[in-house]
Amino acid sequence: MSGIGLALSGVAACEAWHRAMWGSLTGAGLVAAWIILLQVWRTGRGNVPAAAAELDAEAGEAGLHRLLLDAAPTPMLAIEGEAARALNRAARRLFATDDKVLPMPAALADGACGHWRHAGRNWRLDRVVLPAEGRTVVALIDIEQEENAAEARATAEMIQVLGHELLNGLAPIVSLADSGVAAIAGPAAAGPAAAGPSPDGPAPDTALLREILGTLARQAEGLQRFVEVYRILARLPPPQLRPVALDQLLEDLTRLFVGRWSQVAFCVDAAPGLCWPMDRDQISQALWALIQNAVEAALADRGEHARIGLAVSRSDRGLCLEVRDNGNGIAPQDAAHVFRAFHTTKADGTGIGLSLARQIAQVHGGTLSTYRSDLTVFRLLLPEPRGSSQFLA
């Protein structure tokens, strides 16, 4: 635009010169001078608009972050020295403040405090330390809300599994019952009008009836066993935590393993003298279920070359117990359901072992997970319970 202005001013100045219009010539010169000065000023401040735009963008992004933080449902606080400041709407509502939390709760100032009861609810305190800024950000996680959500998911899954298995078990029972009625009625009941055996008609097919009733009884027994096993899963008692010497527990498992699978290589790797508070019976049951699952998988895939390992170690996260096998691993389509009750890929499997092992880990406050490296690994992690340091070697 400046070039066009200068060009027009030049044309106007030339025309005024030829016509001796000195006023117009002066005006055209002034306009050209003004355009040149404006261009020089803009050139000198060429970086200013870009910098201003960058600042505006940063301010906009910071505003978006503040908006998202304020809308987060988790209360968040900033701890600076002996002061706590609410960072979002949820925190301001929880502590009934516009900014600072007064007085400063002792639990928030204690960096070692991980749980806190406030406003009638239990909270988990997740901390992020920001050394450069000299403050700590604390997120208050509503434990009861998490537990309720987990319980709702577990209940939904239980209903889904229970309904699926009961329907699968009842369908053949109904069919067998209809076949039994037909066998009692005999061949004369082929017509739709037949309501029962005729006194003068053929005798019931007792051999077929006996076969049907036998199958019916076995199916009913299987359904009864299913309900009993499900009741065991639903009524797992709370763990009785006592200090357990891991050496002795591992020796017992090794003897059991050799007595049942003497042909399979079994390797135990554990630091000596480890002691940990746990329910010995439950953890032994969980480990045995993991070992049995590993042996079955390795034997099916490797035969006489099957190898099983049990490794125990202590870390900053707690006690880690890993069961390893050299099988082919878990198929991708089964990975999401491997811990689901009654899910099994074995012809004679019940689908209980892994589900029960995970439940035992969870009632201990721990986790059970699986991953694949060069081996298939099931990792049972037990956290250190509060006040149990005197038991740990």
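Trainee: Let's start with the sheet. Which residue in β2 stands opposite A78?

Mentor: Keep in mind that this is a predicted model. Strand β1 covers residues 76-80 and runs antiparallel to β2, with four bridges joining the two. One pairing along that ladder sets I79 against A84. For A78, the residue standing opposite in β2 is R85.

Trainee: And which residue in the turn between β1 and β2 has a positive phi?

Mentor: β1 and β2 form a hairpin with two residues between them. The phi in question is about 65 degrees, and the residue in the turn that has it is G81.

Trainee: Staying with β2, which side chains point to the buried face?

Mentor: The side chains alternate along this strand. A83 and R85 point to one face and are not buried. Pointing to the other face, and buried, are A84 and A86.

Trainee: What is the strand order of the open sheet?

Mentor: Build it up from the pairs. β1 pairs with β2 over four bridges, and β1 also pairs in the antiparallel sense with β5 (residues 135-142), again over four bridges; M76, for instance, has A139 as its bridge partner in β5. At the other end, β3 and β4 (residues 121-130) pair antiparallel over four bridges, with H118 opposite R121. Put together, the five strands have the order β2-β1-β5-β4-β3.

Trainee: Why is one side of β2 and of β3 left without a neighbour in the sheet?

Mentor: Neighbouring strands of this sheet are turned by 35 degrees against each other on average, direction ignored, but that isn't what decides it. Look at where β2 (83-86) and β3 (115-118) stand: they are at the edges of the sheet. One side of each lacks a neighbour because each has a single partner strand.

Trainee: Now the charged side chains. How many salt bridges does a search of the whole structure find?

Mentor: Here are some examples. R280 and D252 form one, with the closest N and O atoms 2.6 Å apart. R324 and E322 meet in another, at 2.7 Å from N to O. Over the whole structure, the search finds seven.

Trainee: How many residues apart in sequence are the parts that R280 and D252 tie together?

Mentor: R280 and D252 form a salt bridge. R280 is partly exposed at 26% relative accessible area, and D252 is partly exposed too, at 23%. R280 lies in helix α9 (residues 280-302) and D252 in helix α8 (residues 246-260), so the parts tied together are apart in sequence by 28 residues.

Trainee: Which residue is linked with D252 and R280 in a network of salt bridges?

Mentor: We already have the pair R280 and D252. The network takes in one further residue, and that is R255.

Trainee: Is E322 buried or exposed?

Mentor: E322 meets R324 in a salt bridge and R379 in another, at 2.6 Å from N to O. R324 is partly exposed at 29%, and R379 is partly exposed at 25%. The cut-off for buried is under 20% relative accessible area. E322 has 6%, so E322 is buried.

Trainee: Which helix gives the most to the largest nonpolar core?

Mentor: That core has 41 residues, and those with the most contacts inside it are L246, F257, M278, I291 and L319. Several elements each supply at least two residues, including α8, β8 (275-278), β9 (307-315) and α11 (353-363). The element that gives the most, with nine residues, is α9.

Trainee: Which residues between 380 and 382 does L319 touch?

Mentor: This leaves out residues up to four places away in sequence. L319 touches, among others, L246, W276, M278 and V312. In the stretch you ask about, the ones touched are L380, L381 and L382.

Trainee: How many residues are in the second, separate core?

Mentor: In soluble globular proteins, nonpolar side chains tend to be buried together. A86, which is buried in β2, is one of the residues here, and F95, V101 and W116 are included as well. The size of this second core is 17 residues.

Definitions and conventions. Residues numbered from 1 in each chain as written. Predicted model: local features only at pLDDT ≥ 70, side-chain atom pairs only at ≥ 80, totals over all residues. Heavy atoms only, no water. Pairing = 2+ DSSP bridges. Axes fitted to C-alpha atoms, helices over the stretch in contact; angles between N-to-C directions. Salt bridge = Lys/Arg side-chain N within 4 Å of Asp/Glu carboxyl O. Buried < 20%, exposed > 50% of the residue type's maximum accessible area, 1.4 Å probe, protein only. Core = buried A, V, L, I, M, F, W, Y, C linked by side-chain atoms within 4.5 Å. Contact = heavy atoms within 4.5 Å.
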